[in-house]
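Trainee: Could we go through this model together? I would like to learn how each label is earned.

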Amino acid sequence: MDPASLSLADQRDLVKSKEINASNLAAACYRQIERLNPTLNAFITVIPPEEDVLPPSGTRSVPLYGIPVAIKDLYNTKGILTTAGSKFFADHIPQEDAFTIQKIKKAGAQIVGKTNTHEIALGVTNNNPHYGACRN
C-alpha cells in the first residue's frame, strides 16, 4: 500500500492511529514527486522534509497533522521561494505567510512544495514560458 495514493481522510487516520508516522507519509509523497515531476513539471519548488514532530495533545485541534500538501506558487510562504510563476518574482522569499498558509500550517499540514502555475495565474493553460508547461 502506497500511503501517497490514499485519501486525505485515510492518511489522517493512519497517522492518528500511529500505523504510519508523518515522516513516512511525507517520504512516500516525496518519492511520488521525484518520480513524476520530471514528466509533469508540477512543482517549481520542492521543500525539504521536516523532522517528524509529535502531534500536540488533542489532535482534534490539528486536523491535518502530518498530511503532506502542495501549495500553488501564488501564496506567500515565509522563507520559501514564491515566484507566482513569473521571472519578476524569481528571487522573492516572503517574510511572512499568507493568511491561507497560516491556516494550513495551524491545521498541522506539512507543505512539501510549491506548484507550477500559469504566470501570475493570468491564464488557464498552465503553459508557463519561464518554468515550463505544467502537465498535471
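The talk below takes up a few labels and the values behind them.

Mentor: Gladly. Keep in mind that this is a predicted model.

Trainee: Why is F88 called exposed?

Mentor: Its relative accessibility is 71%. Exposed means over 50%, so F88 with its 71% counts as exposed.

Trainee: And what makes F89 partly exposed?

Mentor: F89 has a relative accessible area of 29%. Buried means under 20% and exposed means over 50%, so 29% puts F89 in between, as partly exposed.

Trainee: Why are F88 and F89 called an edge-to-face aromatic pair?

Mentor: Their ring centres are 5.0 Å apart, with 90 degrees between the planes. Rings pair if their centres lie within 6.5 Å, and planes over 60 degrees apart count as edge-to-face, so F88 and F89 meet both conditions. A search of the whole structure finds one aromatic pair.

Trainee: What makes the phi of K18 worth a remark?

Mentor: The phi of K18 is near 65 degrees, a positive value in a residue other than glycine. Most residues other than glycine have a negative phi. K18 sits in the loop between helix 1 and helix 2, and at 70% relative accessibility K18 counts as exposed.

Trainee: Which other residue has a positive phi, near 60 degrees?

Mentor: That is A121, found in the loop between strand 3 and strand 4 (127-128). A121 has 40% relative accessibility; with buried under 20% and exposed over 50%, A121 therefore counts as partly exposed.

Trainee: How do you know that N21 is partly exposed?

Mentor: By the limits we used for F89: N21 has a relative accessible area of 32%, and it lies in the loop between helix 1 and helix 2. N21 and F99 are 78 residues apart in sequence and 27 Å apart in space, C-alpha to C-alpha.

Trainee: Let's go inside. Which residues have the most contacts within the largest nonpolar core?

Mentor: They are V69, I71, I104 and I111, in a core of 16 residues. Helix 1 (8-16), helix 2 (22-40), strand 2 (68-72) and helix 3 (99-106) each give two or more residues to this core. Apart from it lies another core, of eight residues, among them Y30, I33, A42 and C134.

Trainee: What does I71 touch farther than four places away in sequence?

Mentor: I71 touches I101, I104, I111, G113, K114 and T115. Contact means heavy atoms within 4.5 Å, so each of these residues comes within 4.5 Å of I71.

Trainee: What makes the largest cavity a cavity, with its volume of about 30 Å³?

Mentor: A 1.4 Å probe fits in a cavity but cannot get out, whereas a pocket is open. The structure holds one cavity of 30 Å³ or more. Strand 3 gives the most to its lining, with three residues, and by class the lining has six nonpolar, one polar and one charged residues.

Trainee: Which residues lie closest to the centre of the second largest pocket?

Mentor: Of the 14 lining residues, those are Q32, I33, L36, A42 and F43. This pocket has a volume of about 190 Å³. Helix 2 gives the most to its lining, with six residues.

Trainee: How does that lining divide by class?

Mentor: Into ten nonpolar, four polar and no charged residues. Among those closest to the centre, I33 and A42 also belong to the core of eight residues.

Note on methods. Residues numbered from 1 in each chain as written. Predicted model: local features only at pLDDT ≥ 70, side-chain atom pairs only at ≥ 80, totals over all residues. Heavy atoms only, no water. Core = buried A, V, L, I, M, F, W, Y, C linked by side-chain atoms within 4.5 Å. Buried < 20%, exposed > 50% of the residue type's maximum accessible area, 1.4 Å probe, protein only. Helix = DSSP H or I, 4+ residues; strand = E, 2+ residues; numbered from the N terminus. 1 Å grid on protein atoms, 1.4 Å probe; cavity = no way out; pocket = protein on both sides within 12 Å on 5 of 7 lines; lining within 4 Å. Points joined across faces, edges and corners; volume = space filled by probe spheres on them. Nonpolar A, V, L, I, M, F, W, Y, C, P; charged D, E, K, R; others polar. Phe/Tyr/Trp six-rings, centres within 6.5 Å; stacked < 30°, edge-to-face > 60°.
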